[in-house]
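Notebook open, viewer open. I want to walk through this fold strand by strand and jot down what turns up.

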Amino acid sequence: MGAVLKANERTDLQHSSLKRLRAEGNIPAVVYGRNQESQSVYVDSVDFLKTIREVGRNGIISLDVGGNTTDVMLSDYQEDSIKRDILHADFIAVDMGSEITATVRLNLTGEAAGVKDGGVLQQPVHEISVTATPGNIPAAVELDVTNLQVGETLMVADLKANNNYQINDDESLVLASILAPRQEEEISSGEQQEPGTPENEEGRETKASEESES
């Protein structure tokens, strides 16, 4: 059973009521699902954050709305770009026996051998898509980069197989790579004459010699 999060139904859907709810320390939210009508609710912001820390970003939450509980997952949320406060949350009702698709964090583990040699570790992808029953959605997928050398890459195909979930991203998607150390470039303050005879020096001498003879 997932952690219980109490919620209250929202009957006043005016914009002004959203500001009031947030000022009172609540988060407006909506619950929706395949076999459920969309329902507007609100949850206490402290309880919400505590629950998400407990179950994880893709954990199962038992949402209690007036005594009626529904298994849900946090589908999405909106965050204030400055204060980092949660402004709105979307919960999706789930059937524990049916597969769903979710986005999960990609964590790189270990210290890459190429980094020890002076290379730079690049991680172009920080999340991947997986499909599984709700109880088998991982909080994160880990990728060991310990043996990664300079100039090498790791792709989705390099992730360890797991029978609990299916990875949806293309196997050729690059997840991590090691760039070679940057070489310092010598920058000249001005143009310098290349050593040796100028290309047109012989031509100038020939022309001058011909003119003197004539």
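How many bridges join strand 4 to strand 5, and do they run parallel or antiparallel? I looked it up: five bridges, with the two strands running antiparallel. Note to self that this is a predicted model.

**Entry 1: strands 4, 5 and 6**

Strand 4 covers residues 61-65. I picked L63 and followed it across to strand 5, where its bridge partner is T70. The hairpin of these two strands has two residues between them, and G66 takes a positive phi there, near 60°.

Next I moved on to strand 5 and strand 6. Seven bridges join them, and this pairing is antiparallel too. Q78 has H88 as its bridge partner in strand 6. This hairpin has six residues between its strands.

Which residue in that turn has a positive phi? I found R84, at about 65°. I flagged R84 since it is a residue other than glycine. It sits in the loop between strand 5 (68-79) and strand 6 (86-93).

**Entry 2: the aromatic pair**

I searched for aromatic pairs and the structure holds one. The partners are F48 and F91, arranged edge-to-face, with 6.2 Å centre to centre and 70° between the planes. The edge-to-face label fits because the angle is 70° and planes over 60 degrees apart count as such. F48 belongs to helix 2 (residues 45-55) and F91 to strand 6, so the pair ties together parts that are 43 residues apart in sequence.

Are these two rings on buried or exposed residues? Both F48 and F91 come out buried.

**Entry 3: the open sheet**

I then traced an open sheet of four strands, in the order 10-7-9-12, with mixed pairing. Strand 10 and strand 12 (166-167) are the edges, each pairing on one side only. Inside the sheet I checked strand 7 against strand 9: six bridges, antiparallel. V104 stands opposite I128 of strand 9.

**Entry 4: the cores**

The largest nonpolar core has 24 residues, and the members touching the most others are I128, I137, V141, L148, L159 and L175. I asked which elements give two or more residues to this core, and got strand 7 (100-109), strand 9 (127-132), strand 10 (140-144) and strand 13 (174-179). Strand 7 gives the most, with four residues.

There is also a second, separate core of 18 residues, including A29, V31, V43 and L63. I had already met L63 as the bridge partner of T70.

Back in the largest core, I listed what I137 touches, leaving out residues up to four places away in sequence. The list reads N58, M73, I100, A102, V104, V130 and A132. V104 is the residue I had opposite I128 in the sheet.

**Entry 5: whole-chain numbers**

I closed with the totals. The chain has four helices and 13 strands. Of its 214 residues, 32% are buried. For contacts between residues at least 6 apart in sequence, 62% join residues at least 24 apart. The accessible surface comes to about 14500 Å², and carbon and sulfur atoms account for 43% of that.

How values were computed: Residues numbered from 1 in each chain as written. Predicted model: local features only at pLDDT ≥ 70, side-chain atom pairs only at ≥ 80, totals over all residues. Heavy atoms only, no water. Core = buried A, V, L, I, M, F, W, Y, C linked by side-chain atoms within 4.5 Å. Buried < 20%, exposed > 50% of the residue type's maximum accessible area, 1.4 Å probe, protein only. Contact = heavy atoms within 4.5 Å. Pairing = 2+ DSSP bridges. Areas by Shrake-Rupley, 256 points an atom, 1.4 Å probe, with all protein chains shown as cover. Phe/Tyr/Trp six-rings, centres within 6.5 Å; stacked < 30°, edge-to-face > 60°.
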